Amino acid sequence: MSDPRHAPAAVEAIRRDLDALGRRRRIAFAAYLGLATVLLAAFYLAPSKKPVLERDLMWMVSLLAVFLGSALCTSVAVGVPLVKRMTAYNLGAIGLAGVLAGLVLTVDPAAVGMTTGPQCFAFGSAIAAVAMIALGVVSGRVWRRFPDPTFFIATGVTGVGIAVLHMRCASGEASHLFGFHLTPLIALFLITRFVVRARTRLLSEG
């Protein structure tokens, strides 16, 4: 039997390890937010050769809703804070609601036609894929199974793609926004689901 006198030292060592892990998660989350902010700022400041939506107060509010929803889902994926499964998915639902609210606030009831739909889908998916790679680089927490990070990764990184589309797209037509700006989330969700399951299977076989 182990010596009971060693128990306090073991508990203290576990506490130190958890504190260090939490610190790394917070650093990873801050690093990702920094990268996302730089990316958004770069697209905001870059001149556009095509027409874009008027950057009025409602545009800023919709952009903020998308960014906050994306950041919330990213934080859960990284594990800041590390919460119970049900709490995590409740936070994820709030994050997704923020992303959807950003799209709803951008809809122009008077707009007609779906212009540059495939281009918006491809562009948003590409930006989200870059964001997903960045998230994977800065945090090993992405691949943990509790909770399943697939939904949070897809929503978090696609939110960044939608935010960029807010800056580069001139369409406020509802079918365009939900048909081509939101659909990259579904694509990224399926890709992330496949990657996470494949990696989990490889780890279990190893």
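These legends walk through a few close-up views of a predicted model.

The model is predicted, so local features are taken up at pLDDT of at least 70 and side-chain atom pairs at pLDDT 80 or more, while totals for chains, interfaces and linings use all residues. Residues are numbered from 1 along each chain as its sequence is written, and side-chain values use heavy atoms, with hydrogens and water left out.

**View 1. The whole protein is built from 7 helices and 0 strands.**
Reading along the sequence gives the pattern α-α-α-α-α-α-α. Helices here are DSSP runs of H or I with at least four residues, strands are E runs of at least two, and numbering starts at the N terminus. The C-alpha trace spans about 75 × 35 × 30 Å along its principal axes. Of the 206 residues, 40% are buried (buried is under 20% relative accessible area, exposed is over 50%, partly exposed is in between, with a 1.4 Å probe and protein chains only). Among contacts with a separation of 6 or more, 88% link residues 24 or more positions apart; a contact means heavy atoms within 4.5 Å.

**View 2. Helices α2 and α3 pack against each other.**
Helix α2 covers residues 57–78 and helix α3 covers residues 85–106; the angle is about 160° and the axes are 7 Å apart. Axes are lines fitted to C-alpha atoms, for helices over the stretch in contact, and angles between N-to-C directions run from 0 to 180 degrees. That makes α2 and α3 roughly antiparallel (under 35 degrees is roughly parallel, over 145 roughly antiparallel, 65 to 115 roughly perpendicular, and the rest oblique). The crossing of the pair is left-handed, meaning that the near helix is turned anticlockwise from the far one by less than a right angle, whereas clockwise would be right-handed. On the α2 side, the contact residues include M58, V61, A65, G69 and V76; on the α3 side they include A88, L91, G95, V99 and L105. Sorted by class, the contact has 13 nonpolar, 8 polar and no charged residues. For these classes, Ala, Val, Leu, Ile, Met, Phe, Trp, Tyr, Cys and Pro are nonpolar, Asp, Glu, Lys and Arg are charged, and the others, Gly among them, are polar.

**View 3. Two neighbours in sequence, T74 and S75, both sit in helix α2.**
T74 is buried, with a relative accessible area of 0%. Leaving aside residues up to four places away in sequence, T74 touches F29, Y32, L135, F152 and G156. S75 is buried too, at 6% relative accessible area. With that same sequence cut-off, S75 touches F29 and V80.

**View 4. A cis peptide bond joins V80 and P81.**
Omega at this bond is about -5°. P81 lies in the loop between α2 and α3. Its partner in the bond, V80, is one of the residues touched by S75.

**View 5. Helix α4 meets helix α7 at an angle.**
α4 runs over residues 117–138 and α7 over residues 183–205; their axes come within 9 Å and cross at roughly 40°. The two helices are therefore oblique to each other, and α4 passes α7 in a right-handed crossing. From α4, residues F121, G124, S125, A128, A129 and M132 meet T183, P184, A187, L188, I191 and T192 of α7. This contact divides into 8 nonpolar, 4 polar and no charged residues.

**View 6. Helix α4 also packs with helix α6.**
α6 covers residues 174–181, and the axes of α4 and α6 come within 8 Å, crossing at roughly 40°. This pair is oblique as well, and the crossing is right-handed. G117, P118, C120 and F121 of α4 make the contact with H176, F180 and H181 of α6. By class, the residues are 4 nonpolar, 3 polar and no charged.

**View 7. Helices α4 and α5 agree with their expected lengths.**
The expected span is 1.5 Å times one less than the number of residues. For the 22 residues of α4 that gives 32 Å, and the end C-alpha atoms are 32 Å apart. Buried residues in α4 include G117, C120, G124, A128 and L135. Helix α5, residues 150–168, has 19 residues and reaches 27 Å from its first C-alpha to its last, close to the expected 27 Å. α5 is mostly covered, with 18 of its 19 residues buried.
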